[in-house]
Amino acid sequence: MTQTGCEIAGRGNGKKIAIVGGGIAGVMAAVKIAQEINTEIHLFEKNGQLLQGGPWCHLHAGGMLYPMISKDDALELLYDSLSFALFFQESIIHTPCIVAYRKESNYSPSKLLSRCMLMESKYSEWSKQHDHALPLGTIDSYFAMYTREDMEYFKNNGTFEKTIHPFHDSYVKTFCKLLKNIDDIKYPFVSVREPIIDMDMAKSKLKLLLSMYSNIHIHTNAFVENISKEYNQANYVLYNMTYNKNNKNYIITADFLVNAAGFESRHLLSHNRYFLNNVSYKNLSYMFHHIKSSSDEQIECKASFIINIESFPYKNFMPEIAIIGERGTQNGMIQITPTKHKNHFQIHAMMENSSLIREISFDNQSELYFRTHKAIEHVYNIFHDFYTAQPSHLEPLWGIQRTVGKDHTKRISTLIFEKHTSYAEIQLVKGISSVSLATLLAKQLQIHFGPVNPEELGTVDQKEFIDYFNNSIQLD
Ligand SMILES: Cc1cc2nc3c(=O)[nH]c(=O)nc-3n(C[C@H](O)[C@H](O)[C@H](O)COP(=O)(O)OP(=O)(O)OC[C@H]3O[C@@H](n4cnc5c(N)ncnc54)[C@H](O)[C@@H]3O)c2cc1C
């Protein structure tokens, strides 16, 4: 200890793991490490609360929103989504997503179809390898395909000629009623099990798990300002980390550093540091421009707006809808996601004047209203019943999304694990990859720190946890 404040003593195997970043990556890592290793875990978050980063409401179980990604990347998203859905079973809302390509786009529906078929068969294989778990529902309900003839028949008769799929049909009927002009999309289109995630529920689960492991120490309002390395006698790197809390500096020496600082992770160890606090729309675009101008990082600042429709006619079987076109163009993707608030929807319009934020001026309420109205306009150009939509009083879901490497179309995440420098970095592009990466990290750390006596591990009794979880959800 060299400065004011106190040094935190190690317990368990005497080792300390420091995780910087209390977003989904850092929190998930803390939980998984606590399950695997008998060590002290210190989680640092500069904001007052954990899990305040960008949203992760859509399970990308097959990457259907991304026609430009490779087959292998789509498969990786599927496996990450399956791990996520298994871990957060209670948080998955089994509403399907309708995926259709805009008529102006260069994307081919036959590729969409072959991707769906591949994912269905891989889901089936995965299920067999995982005790027949079905976190996305039955295999044969993974997707259903609808042709132009089905749509025409529906428009003329108000129903399909015959049942196409018992699970998907009810949701697709709502979509058929909403679509103004059947020529606006390409055929066939699909309804696919890329469900919605109840983030509040998932966050409650994570917070509860954190509170149940006594070897996890949470430090909020704790900004990690400086990190320097030294070597121990065995020539392993140790990290001396200075963090600031309530205007006091504290030092902790960690045996292992996990960088989970999200889009700021490249700056954590850099000397060209800057203080960015309290992410809100007022400084989001500032951060975006700061990072863009100081590195070649591929980041995207985007928002999904919440709108309210006074009397929306479809109470049940409202699907998530994604009409996909080339990102950033006037025909970019329109995505509508039902929320748990009555008559409220999240809408994305992936155009530069709406969801994609490139200007530095996005710092006031009128800009927010302008962009939300633009999104509403893009939606009601295609769908009935959105004409009367209004911006809601609810905060948009916004944030900065990073990509891994130089290719901005990539959506897969990476774990860097450097044994010789006692350093790991969780590079999440999508929140749904957090469970797979945290599991991998915990396994690597277990190897790194050597075998453990399972009796010494922090454990959470499953039954006790489920009772506790259900009670706390009821109380909310
Ligand atoms: C509009 C939008 C929609 C999205 N939709 C989806 C979706 O549907 N599905 C999906 O899976 N993903 C989605 N994403 C992506 C998802 O939001 C991110 O992948 C995820 O939030 C990243 O989590 P993270 O923990 O890596 O980063 P963050 O949540 O940003 O967490 C990093 C944390 O580190 C803290 N930190 C940084 N530096 C320091 C420091 N020096 N000291 C202390 N703390 C520090 C920060 O305050 C922050 O809380 C979306 C992103 C956006 C912007």
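**Sheets, packing helices and the ligand shell**

In this predicted model, β12 and β20 pair in the parallel sense over three bridges. Strands are DSSP runs of E of at least two residues, helices runs of H or I of at least four residues, and both are numbered from the N terminus. Two strands count as paired if DSSP finds at least two bridges between them. Within this pair, L257 stands opposite Y423 in β20. Residues are numbered from 1 along each chain as its sequence is written. Because the model is predicted, local features need pLDDT of at least 70, side-chain atom pairs count only at pLDDT 80 or more, and totals for chains, interfaces and linings use all residues.

Strand β12 also pairs with β1. Four bridges join these two strands, which run parallel. Here I17 faces F256 of β12 as its opposite residue. The side chains of β12 divide between two directions: F256 and V258 point one way, L257 and N259 the other. All four are buried, a class that requires 20 or more other C-beta atoms within 10 Å of the residue's own (exposed: 12 or fewer; partly exposed: in between; C-beta atoms placed from the backbone). In a regular strand the side chains alternate between the two faces of the sheet.

These strands belong to an open sheet of six, in the order β8-β2-β1-β12-β20-β19, with mixed pairing. The edges are β8 (216-219) and β19 (414-418), each paired on one side only. Neighbouring strands are turned by 15° against each other on average, direction ignored. Axes are lines fitted to C-alpha atoms, for helices over the stretch in contact, and angles run from 0 to 180 degrees between N-to-C directions. At the β8 edge, β2 (residues 40-44) and β8 run parallel and are joined by four bridges. H42 stands opposite H217 in β8.

Two helices accompany this sheet. Helix α10 (residues 434-449) packs on the sheet and touches β12, β19 and β20. Its direction makes about 15° with that of β19. Contact means that two C-beta atoms, placed from the backbone, lie within 7 Å. Helix α1 lies across β1 (16-20), β2, β8, β12 (256-259) and β20 (423-427). It runs at about 170° to β2.

A second open sheet has three strands in the order β9-β10-β11, with antiparallel pairing. Its edge strands, β9 and β11 (248-254), each pair on one side only. The twist averages 20° from one strand to the next. Seven bridges join β10 (residues 237-245) to β11 in the antiparallel sense. N244 has N249 of β11 as its bridge partner.

The ligand is surrounded by 39 residues, of which G21, G23, G53, G54 and G262 come nearest. A residue is near a molecule or strand if its C-beta atom, placed from the backbone, lies within 6 Å of it. Elements giving two or more residues to this shell are α1 (24-36), β9 (223-231), β13 (299-308) and β18 (397-402). The largest share, four residues, comes from β18. By class, the shell has 19 nonpolar, 15 polar and five charged residues. Ala, Val, Leu, Ile, Met, Phe, Trp, Tyr, Cys and Pro count as nonpolar, Asp, Glu, Lys and Arg as charged, and the others, Gly among them, as polar. Domain 1 (16-54 + 201-286 + 410-475) and domain 2 (92-196 + 296-402) both contribute to the shell, so the ligand lies between them. The domain bounds come from an automatic or database domain assignment.

Overall, the protein contains eleven helices and 20 strands. Of its 476 residues, 42% count as buried.
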